[in-house]
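This report describes the structure shown below, moving from the packing of its secondary-structure elements to individual residues.

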Amino acid sequence: MNFCYVKSLKTKIQNTLFGMGNPLLDICAVVDKDFLDKYGLKPNDQILAEEKHKEMFEEIVKKFKVEYHAGGATQNSVKVAQWMIQEPHKVATFFGCIGKDMFGKILKEKAEEAHVDAHYYEQSEEPTGTCAACITGDNRSLVANLAAANCYKKEKHLDLEENWKLVEKAHVYYIAGFFLTVSLESILKVAKHASENNKIFCLNLSAPFICEFFKEALMKVMPYVDILFGNETEAAAFAQERGFETEDIEEIAKKAQSLPKENKKRQRIVVFTQGKEGTVMTKGDKVETFPVLEIDQSEIVDTTGAGDAFVGGFLSQLVQDKTFEQCIHAGHYSANVIIRHAGCTFPEKPDFH
């Protein structure tokens, strides 16, 4: 194969995947019970930071040996997609908001190390969003402080010509539902662009509270969604809010598939993971279930990043025009790798065939 062809192939795939979301710096540390008690934390939990947790983020850095990882749901997924693809670098573009501070600087370095083309909107009113992962034994207590991530502004970043050009360059778009709480107008602008240009727009339900408390925003975006991701808990919450009157996950997937859609050239695909149970996917008028890879319980270190990793693996094949079955296979592989490590981290190279 001649060199020029290889080079053009590589530049062709660069910036093909576009992600937008809440960039958080994950601060992981093994802590003690006294630390958890001091801040009223349960050993195994996920919460949003309150006033009483403000000092905790500084104390964890001073008192314990910490590891930093670029985090936040969407950023995790595009990072995994890039890891699965390996070469070329910068297949994925990522937009989100950070602060002009030390944590922001670390986030930029971490994104670069992961070879993600991150273009952050930087502002100085709020500090960079963080998520403290307080590890005790097999448990980890997550405390997220969105801060700057909550300050993303369409007109200050997405609308800028050089940034919008990167949106136009992409063919596959992925946004986690968490971003619905931050900038609905940014999501809609990207979603409409994808729909009008017959590109693929993917959305994740992300959490039951998104389906319950942000359902209006969610349903404004839904007509543009080509691929809808979620897990079994989110699917159930979505079904309840939509009045689907069923708890059967295959039925929920079918009903979500048939919700109104703008771009009629693509039928919506719905993909629901169910932990160690099989993954459900709509295809045409059928629903198929794909078994996950088996893993010994003793090898599972941390399942927190499994959902993000599944999507990352799926997207890595989607941008290469692989079949949806291959996308699911890759999603199962990457989730299987990530649950063997703490946080959304992975070995240097994938062993995926």
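## A helix across the sheet

In this predicted model, helix H12, which covers residues 249-257, lies across four strands, namely S11, S12 (269-274), S13 (277-283) and S14, and the helix runs at about 150° to S12.

The strands that H12 crosses belong to an open sheet of nine strands with mixed pairing, and their order is S6-S5-S1-S9-S10-S11-S12-S13-S14. Strand S6 (117-123) and strand S14 (286-290) stand at the edges of this sheet, and because each has a single partner strand, one side of each is left without a neighbour in the sheet. From one strand to the next, the twist averages 20°.

## The S10 and S11 pair

Within the sheet, strand S10 (residues 200-204) and strand S11 (residues 227-231) run parallel and are joined by three bridges. Across this pair, Cys-202 stands opposite Ile-227 in S11.

## Packing of H4 against H14

Helix H4, formed by residues 73-85, packs against helix H14, formed by residues 324-338, at an angle of about 105°, and the two axes are 11 Å apart. Since angles of 65 to 115 degrees count as roughly perpendicular, H4 and H14 are therefore described as roughly perpendicular to each other.

The residues that meet are Val-80, Trp-83 and Met-84 on the H4 side, and Ala-330, Tyr-333, Ser-334, Val-337 and Ile-338 on the H14 side.

## The annotated residue Asp-308

The unreviewed UniProt entry lists Asp-308 under "active site". In the model, Asp-308 is found in helix H13, which spans residues 306-318, and because its relative accessibility is 16%, where buried means under 20%, Asp-308 counts as buried. When neighbours within four places in sequence are left aside, Asp-308 is in contact with Ala-73, Asn-76 and Ser-77.

## Cysteines

How many disulfides does a search of the whole structure find? The search finds zero, and the distances for two of the cysteines illustrate this result. Cys-131 is in no disulfide, and the nearest cysteine sulfur, which belongs to Cys-28, is 7.9 Å away. For Cys-151, which is likewise in no disulfide, the nearest cysteine sulfur is that of Cys-97, at 5.2 Å. Both values can be set against the cut-off, since a disulfide is taken to be a pair of cysteine sulfur atoms within 2.5 Å.

As for solvent exposure, Cys-131 counts as buried because its relative accessibility is 10%, and Cys-151, at 16% relative accessibility, also counts as buried.

Note on methods: Residues are numbered from 1 along each chain as its sequence is written. This is a predicted model: local features need pLDDT of at least 70, side-chain atom pairs count only at pLDDT 80 or more; totals for chains, interfaces and linings use all residues. Side-chain values use heavy atoms; hydrogens and water are left out. UniProt positions are given in the numbering used here, feature names are shortened, and annotations may be inferred rather than shown by experiment. Helices (H or I, at least four residues) and strands (E, at least two) are DSSP runs, numbered from the N terminus. Buried means under 20% relative accessible area, exposed over 50%, partly exposed in between (1.4 Å probe, protein chains only). Contact means heavy atoms within 4.5 Å. Two strands pair if DSSP finds at least two bridges between them. Axes are lines fitted to C-alpha atoms, for helices over the stretch in contact, and angles run from 0 to 180 degrees between N-to-C directions. Angles under 35 degrees count as roughly parallel, over 145 as roughly antiparallel, 65 to 115 as roughly perpendicular and the rest as oblique.
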